Amino acid sequence: MPSEPADFLPHVGYVLFPRRPADLTDPRLCPACFWALSGPVCPNCGLDTAHPAAAGIAELGTEAVDVLQRRLELIGRIR
């Protein structure tokens, strides 16, 4: 059985940057392109959100939002 590649970044494909922190935690949006999900496979980019590793995306999204919120708080403090 072939081993899995250690670096998956070359396989990422179509990904957009979130418009706002909440995009990273909204389960109704595709985690790659933020299109509204109508089923387990994104109708826009084809990402399979039913993949076993998809739970990790939600966890990392929550962590990213926490860091972005702290960053925004610092910007607010400076202003």
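**Briefing: fold, surface and residue D23**

The chain contains 1 helix and 0 strands. The model is predicted. Its radius of gyration is 15 Å, against a value near 12 Å for a compact globule of 79 residues. Of these 79 residues, 15% count as buried.

**Overall dimensions and contacts**

- The C-alpha trace of the chain spans about 55 × 30 × 20 Å along its principal axes.
- Among contacts in the chain with a separation of 6 or more, 24% are between residues 24 or more positions apart.

**Surface and charge**

- About 6,400 Å² of the chain is exposed, and 62% of this area comes from carbon and sulfur atoms.
- The side chains include 7 positive and 9 negative ones.
- A distance of 15 Å separates the centre of the positive set from the centre of the negative set.

**Residue D23**

- The helix α1 covers residues 54–78, and D23 lies in the segment before α1.
- Is D23 buried or exposed? D23 counts as buried because its relative accessibility is 2%, and the cut-off for buried is under 20%.
- When neighbours within four places in sequence are left aside, the contacts of D23 are P18, L29 and F34.

How values were computed
Residues numbered from 1 in each chain as written. Predicted model: local features only at pLDDT ≥ 70, side-chain atom pairs only at ≥ 80, totals over all residues. Heavy atoms only, no water. Helix = DSSP H or I, 4+ residues; strand = E, 2+ residues; numbered from the N terminus. Rg over C-alpha atoms; globule rule 2.2 N^0.38 Å. Buried < 20%, exposed > 50% of the residue type's maximum accessible area, 1.4 Å probe, protein only. Contact = heavy atoms within 4.5 Å. Areas by Shrake-Rupley, 256 points an atom, 1.4 Å probe, with all protein chains shown as cover. Lys, Arg positive; Asp, Glu negative; His and termini not counted. Charge placed at Lys NZ, Arg CZ, Asp CG, Glu CD.
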